[in-house]
Each structure stands twice: as C-alpha cells, then as structure tokens.
Amino acid sequence: MKVELVKGGGGYHYIILPEELAQPLYERKVKRVLCRINDQLNVHSALTRSKTRGFSIMLGKRILKQLDVEAGDLLEVEISEDHSPNQFEESVVLKEVLSTDWEAQEIWDKLSPGRKRSLTYLIIQVKSVDKKIERALKIAENIKLGISDPRKVLKG
C-alpha cells in the first residue's frame with residue numbers, strides 16, 4: 001500500500017496509515033509493529049494514534065537517509081504485528097557481551113521491553129564495530145551497578 005511521507009511540526013517525519021490497515025491491530029491492542037518500507041527495509045515501530053491525524057508511524061532521520069526519501073515522497077508500506085523479542089532490532093554485539101556475563105544477562109532479562117529497546121538503540125545507532133563493543137560493555141557494567149537509564153548509562 002502506498003502512503004505519503006509527511007513532515008511534522010517538530011521536524012520529525014511520519015507516515016499516516018489507512019484506518020482499515022491500522023484499526024484491526026489497534027483493536028487487538030498491538031502497540032509495536034514491523035513496517036516493511038519500499039520492499040527494502042524493515043522498521044520496528046510504535047503504532048500511534050492521534051485525534052488529528054489518525055494512525056501513524058514515525059520515521060527517524062537515520063531511516064529516511066537509508067531509504068533516500070524526503071517529505072512528500074510516496075512509500076510502499078506493509079505492516080504486521082512485531083513478534084520479535086523486544087519489538088526492536090537486535091544487537092549481535094550486545095547479545096555476545098551478555099552471553100559472556102551471566103550477571104548482566106540476568107539483570108537484562110528483568111528490564112522492561114522499552115528499556116531494552118532504548119539501551120539497544122544506543123548500540124545500533126553507531127557504525128563502528130569497536131564503538132558498538134565499547135558501548136555494549138559499558139551498558140553491561142552499568143546495569144550491574146543499577147544504572148539502566150539510557151540518558152545515564154554511557155556517562156562516566
């Protein structure tokens with residue numbers, strides 16, 4: 001299904017989903033979806049609902065750059081319920097770090113899915129493998145110290 005990429009007031013971008021596509025998911029209380037865009041990229045997203053624009057999915061700058069799209073472009077979109085463990089892209093590096101640190105793994109398993117998504121994003125957003133490893137190790141160490149807030153976990 002084709003949908004238009006819209007630029008919001010705060011500089012963010014989103015796609016508005018047709019009611020017939022999003023309503024069945026919403027009625028089943030599905031909040032996280034897997035969005036396939038232009039048959040080239042899978043995006044783990046939150047399904048949001050607004051009184052003014054209806055159902056939508058926000059797309060970040062990184063995704064827009066990967067797709068090489070801008071506001072006004074039409075995107076081919078497929079939506080399905082996200083059944084992945086944390087409804088988010090997985091970090092192989094973090095998975096490896098946690099597999100070698102049982103204490104950090106135990107704490108990680110107790111974190112909320114939203115907290116896991118936020119911490120995972122801190123790793124996947126960087127390109128350098130060395131930086132990913134560094135961040136994964138720092139996150140593992142800090143969650144063992146009781147620091148799991150994404151705004152604080154990489155400091156110090």
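How many bridges join β3 to β4, and in which sense do the two strands run? Six bridges, and the strands run antiparallel. I'll come back to that pair. First, the overall picture.

What you see above is a predicted model. The protein chain has 156 residues. It carries six helices and seven strands. Starting at the N terminus, the order is β-β-α-β-β-β-β-α-β-α-α-α-α. Along its principal axes, the C-alpha trace spans about 45 × 35 × 30 Å.

Some totals for the chain. Of its residues, 40% count as buried. The exposed area is about 9,600 Å², and carbon and sulfur atoms supply 51% of that. Take the contacts with a separation of 6 or more: residues 24 or more positions apart account for 61% of them. Now the charges. There are 27 positive and 23 negative ones, and their mean positions are 7 Å apart.

On to the strands. Start with β1. Three bridges join β1 to β2, and the two run antiparallel. Within that pairing, Leu 5 has Ile 15 in β2 as its bridge partner. β1 also pairs with β7, again antiparallel, through three bridges. There, Lys 2 stands opposite Glu 76 in β7.

β7 has another partner, β3. Those two pair in the antiparallel sense over five bridges. Val 33 stands opposite Glu 81 of β7. And β3 is also the strand from my opening question, joined to β4 by six bridges. In that pairing, Ile 37 faces Leu 41 in β4.

Now the turns. The hairpin of β3 and β4 has three residues between the strands, and Asn 38 takes a positive phi near 50 degrees. The hairpin of β1 and β2 has five residues between the strands. Here Gly 11 takes a positive phi, near 90 degrees.

Stay with Gly 11 for a moment. Its place is in the loop between β1 and β2. Is Gly 11 buried, exposed or partly exposed? Its relative accessibility is 32%, so Gly 11 counts as partly exposed. Gly 60 is 49 residues away from Gly 11 in sequence, yet the two C-alpha atoms are 9.8 Å apart in space.

Compare a residue in helix α1, Gln 23. Its relative accessible area is 18%, and the cut-off for buried is under 20%, so Gln 23 is buried. What does Gln 23 touch, leaving aside neighbours within four places in sequence? Arg 49 and Phe 55.

Next, the interior. In soluble globular proteins, nonpolar side chains tend to be buried together. The largest nonpolar core here has 23 residues. Seven of them touch the most other members: Ile 15, Leu 17, Cys 35, Ile 57, Leu 59, Leu 75 and Ile 79. Several elements each supply at least two residues of this core, including β1, β2, β3, β4, β6 and β7. Helices α1 and α2 do so as well.

Pick out Leu 59. Not counting residues up to four places away in sequence, Leu 59 touches Leu 5, His 13, Tyr 14, Ile 15, Ile 37, Val 43, Leu 64 and Leu 75. Two of those names came up earlier as bridge partners, Leu 5 and Ile 15.

Apart from the largest core lies another one, of 15 residues. Among its members are Val 93, Leu 98, Leu 122 and Ala 136.

That's the tour. Thank you.

Notes. Residues numbered from 1 in each chain as written. Predicted model: local features only at pLDDT ≥ 70, side-chain atom pairs only at ≥ 80, totals over all residues. Heavy atoms only, no water. Core = buried A, V, L, I, M, F, W, Y, C linked by side-chain atoms within 4.5 Å. Buried < 20%, exposed > 50% of the residue type's maximum accessible area, 1.4 Å probe, protein only. Helix = DSSP H or I, 4+ residues; strand = E, 2+ residues; numbered from the N terminus. Contact = heavy atoms within 4.5 Å. Areas by Shrake-Rupley, 256 points an atom, 1.4 Å probe, with all protein chains shown as cover. Lys, Arg positive; Asp, Glu negative; His and termini not counted. Charge placed at Lys NZ, Arg CZ, Asp CG, Glu CD. Pairing = 2+ DSSP bridges.
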